[in-house]
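Me: Could you take a close look at one part of this structure and follow it outwards into its surroundings? Please keep to what the coordinates support, and give the cut-offs behind each term.

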Amino acid sequence: MKAPAAALLTALCYFLPLLLWCLTLLWSTEGMTEVSATLRLGVQWILVVQIFGTALFIPQFLARHRARRVLTDLLLLLAPPWPLMVLAWQAGAVDLAILVYWQLALLGMGWLLWGLCRLLLRLPLSSVASETLLSSLRLAIPAVILANLQAWPGLGAA
Amino acid sequence: MTGGLALGLLWLSGIASAAPGLTVTPAWDGNFVPGRSSEIRLQFSSPAGGAFQLNLTTPGWVIRYSGVVEANIGTDLSLPIYPAPGQPVQIQLQRAGQPPLRQTLVFNHRAEPLQAWVVPPGSSPPSAARGQVPVSVGMLPRTSEGYGGIASLSIPSSQLSQLDSRQLDALDDYLSGCKPLHLIDTTQEVVDIIKSHAGCGGRHIEISGPVASVGQPKPLPGASILDRLLPATDQSYPRLAILYFVGYAVILLFGLLLSGRALVLLSIPVAASLALPALAYLGATPPRLVTWMETEAGDSSARYTALLSVDGARREQLSLPLDGIRNLPTSSASSSNVVSIDGTRDQTRQLLIETQPFSTAWYLFSGTVRLTQPLALTGSVHLPQITNSTNTFTPSCLLSWSGEIHQIPPLRPGEHWTPTEQSRSARHDPLTGLLGSRSGELALLIPYNLPVEAFGNASREGWLLIRADRS
């Protein structure tokens with residue numbers, strides 16, 4: 001499978017079940033409060049999965065040598081839920097500025113991970129040390145972001 | 001640094017709270033009944049004149065008034081307000097080229113509706129019992145909302161001539177709403193004039209006995225009952241949104257199968273995100289309004305209650321004109337309750353509603369309107385007769401007679417109709433249920449929309465109930 005298709009397929013694997021779950025709830029809910037809660041929860045889950053998806057996609061990023069190709073992969077990973085996020089914003093469930101911030105932050109995180117990994121691979125480290133450092137980065141950065149997500153006003157706390 | 005800022009803010013707030021040149025007087029000495037409207041009177045002037053904006057903010061409502069004041073000429077405004085128990089009313093006056101004036105006002109809430117009586121000038125007010133409020137004639141409300149918490153009003157006949165035109169309009173609305181009025185030291189001529197303006201055949205006008213003996217009008221149906229009579233809607237936006245996302249998922253999958261090019265794959269979610277707001281225009285439905293009016297045969301006014309329901313399809317601020325509506329909503333379920341009053345355009349009122357997809361805001365209005373009854377209900381309870389007293393055909397109506405519903409066919413101008421065995425209807429729906437519960441022995445129900453220009457392009461349904469019996 002071509003690389004862009006692989007990124008989109010990964011995105012669809014997390015997005016389509018969440019979309020189906022949201023639509024099922026929207027079909028059965030009545031009243032603005034329930035709709036808002038459903039959409040907010042859906043967007044929260046999407047962000048959480050996006051964080052881990054981005055981190056787990058690092059091996060594929062490392063196969064790229066040009067930053068532009070990494071950006072394309074990242075966009076394909078993040079883009080599928082955007083219409084649902086627009087709907088959540090329109091319904092007043094989440095703040096548009098926060099959504100934009102998180103998508104930009106995830107793009108930045110992907111690039112940062114790619115850059116750090118490439119730097120590590122160039123260092124004269126043993127293969128075990130390199131692997132350990134890579135694994136730590138892939139887990140630590142998403143964990144820090146995830147910890148902050150719950151405390152973010154208007155999204156995690158709402 | 002922080003201390004300096006705090007001192008500066010303190011200095012600023014000190015100026016603002018002093019509010020020189022702004023006099024604020026609450027109606028009924030600041031007494032109000034929670035959930036009922038009241039009134040606030042504001043008097044101020046401006047040395048330079050020009051445009052001004054007034055904001056009255058309570059926990060549930062914001063009233064925005066914009067107007068123009070002439071230089072050094074005092075302005076006297078009376079505005080509606082919904083005070084809340086224990087919460088001050090925030091008043092902000094912004095005049096052109098001058099710093100804003102801010103003032104807060106705390107109302108005293110009373111559990112029971114108030115009994116007001118007008119004390120003539122020069123006479124000392126007797127000691128007021130609980131729930132009673134003595135006022136001077138000049139302090140009577142100038143808006144219909146000002147009488148929101150009043151259960152009864154006693155006024156010496158001699159004081160009626162002291163009322164200005166705005167006070168007379170407000171009192172006229174009070175009387176049309178079948179609210180009790182006790183006329184003191186009056187003449188038959190005055191009573192006849194007052195009764196001609198009153199609803200419910202003038203039965204709520206008392207001239208001899210205590211005002212407490214006068215009954216309150218039967219409350220009109222509430223929001224939960226009117227909700228069942230709202231014009232039907234297909235709730236198109238939620239369905240459209242779900243179909244949209246199902247289609248979007250299918251296109252994404254096809255894109256994945258048919259094309260591996262990143263640009264093509266990326267364009268699908270981007271285009272779907274940009275097209276989503278356009279979906280709102282397809283799924284938008286106009287506001288819906290249902291009105292229930294009640295009057296008695298021969299009356300020239302009717303009490304009404306109207307439920308306005310606004311289904312949101314996109315984020316926007318909807319501005320609905322309230323032309324002809326003299327009372328603000330008595331209750332609502334909305335994320336924002338803002339009323340804008342334009343003092344430069346004959347006190348034009350607008351209801352500003354924040355809408356969002358999937359949201360429904362509703363507002364319940366009540367008040368009185370002047371009208372001409374399109375059908376005359378005559379005869380007796382034993383054999384009623386309906387006459388088309390207009391110059392046009394009347395629509396098909398319902399007659400409730402001795403517990404049974406009869407269907408009245410469309411009538412030509414001047415045509416008479418009497419119920420028969422064949423006209424009896426077996427119809428059972430929320431409308432006939434409501435008719436049966438409100439009609440008494442004999443009543444006529446006519447499809448009749450609220451005769452006002454308000455609510456813009458709202459889809460409307462309305463009914464006028466004309467009772468024959470004085471129950």
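Reply: Two strands are said to pair if DSSP finds at least two bridges between them. The helices (H or I, at least four residues) and strands (E, at least two) are DSSP runs numbered from the N terminus. The model is predicted, so that local features need pLDDT of at least 70 and side-chain atom pairs count only at pLDDT 80 or more, while totals for chains, interfaces and linings use all residues. Residues are numbered from 1 along each chain as its sequence is written, and chains are lettered from A and ligands numbered from 1 in the order in which they are written.

The part chosen here is strand 24 of chain B, which covers residues 397-401. Five of its five residues are buried (20 or more other C-beta atoms, placed from the backbone, lie within 10 Å of a residue's own), and therefore strand 24 of chain B is largely enclosed by the rest of the structure. In a regular strand the side chains alternate between the two faces of the sheet. In strand 24 of chain B both faces are covered, with C397(B), L399(B) and W401(B) buried on one side and L398(B) and S400(B) buried on the other.

Along one edge, strand 24 of chain B is joined by five bridges to strand 25 of chain B, and the two run antiparallel. Within this pairing L399(B) stands opposite H406(B) of strand 25 of chain B. These two strands form a hairpin with two residues between the strands, and S402(B) there takes a positive phi near 50°. Strand 24 of chain B also pairs in the antiparallel sense with strand 27 of chain B, over four bridges, and here S400(B) is placed opposite A443(B) of strand 27 of chain B.

Both partners belong to an open sheet of eight strands in chain B, whose order is 18-21-16-15-28-27-24-25 and whose pairing is mixed. The edge strands, each of which pairs on one side only, are strand 18 (331-333) and strand 25 (404-408) of chain B. On average, and with direction ignored, neighbouring strands of this sheet are turned by 20° against each other (angles are taken between lines fitted to C-alpha atoms, and those between N-to-C directions run from 0 to 180 degrees). Helix 7 of chain B, residues 430-438, packs on this sheet, and its direction makes about 40° with that of strand 24 of chain B. The same helix touches strand 15 (288-296), strand 25, strand 27 and strand 28 of chain B as well, a contact being two residues whose C-beta atoms, placed from the backbone, lie within 7 Å.

Moving further across the sheet, strand 27 of chain B (residues 442-447) is joined to strand 28 of chain B (residues 459-467) by five bridges, and these two run antiparallel. In that pair I446(B) stands opposite L464(B). Strand 28 of chain B pairs with strand 15 of chain B over nine bridges, this time in the parallel sense, with M293(B) standing opposite L464(B).

The interior around this part can be described through its nonpolar core (a set of buried Ala, Val, Leu, Ile, Met, Phe, Trp, Tyr and Cys residues joined through C-beta atoms within 7 Å). The largest such core has 92 residues, of which L308(B), L444(B) and L445(B) touch the most other members. Once neighbours within four places in sequence are left aside, L444(B) is in contact with C397(B) and L399(B), and also with L375(B), L377(B), I386(B) and I466(B). A second, separate core of 52 residues includes A262(B) together with L76(A), L106(A) and W114(A).

That second core leads towards the other chain, where helix 4 of chain A and helix 6 of chain B (residues 262-283) pack at an angle of about 35°, with their axes 10 Å apart. The contact is made by T72(A), L75(A) and L76(A) on the side of chain A, and by A262(B), L265(B) and L266(B) on the side of chain B.

For the wider setting, chain B holds seven helices and 28 strands, and its C-alpha atoms fill a box of roughly 90 × 80 × 40 Å along the principal axes. Of the 471 residues in chain B, 37% are buried. Among contacts in chain B between residues at least 6 apart in sequence, 68% join residues at least 24 apart.

Key
A residue is buried if 20 or more other C-beta atoms lie within 10 Å of its own, exposed if 12 or fewer, and partly exposed in between; C-beta atoms are placed from the backbone.
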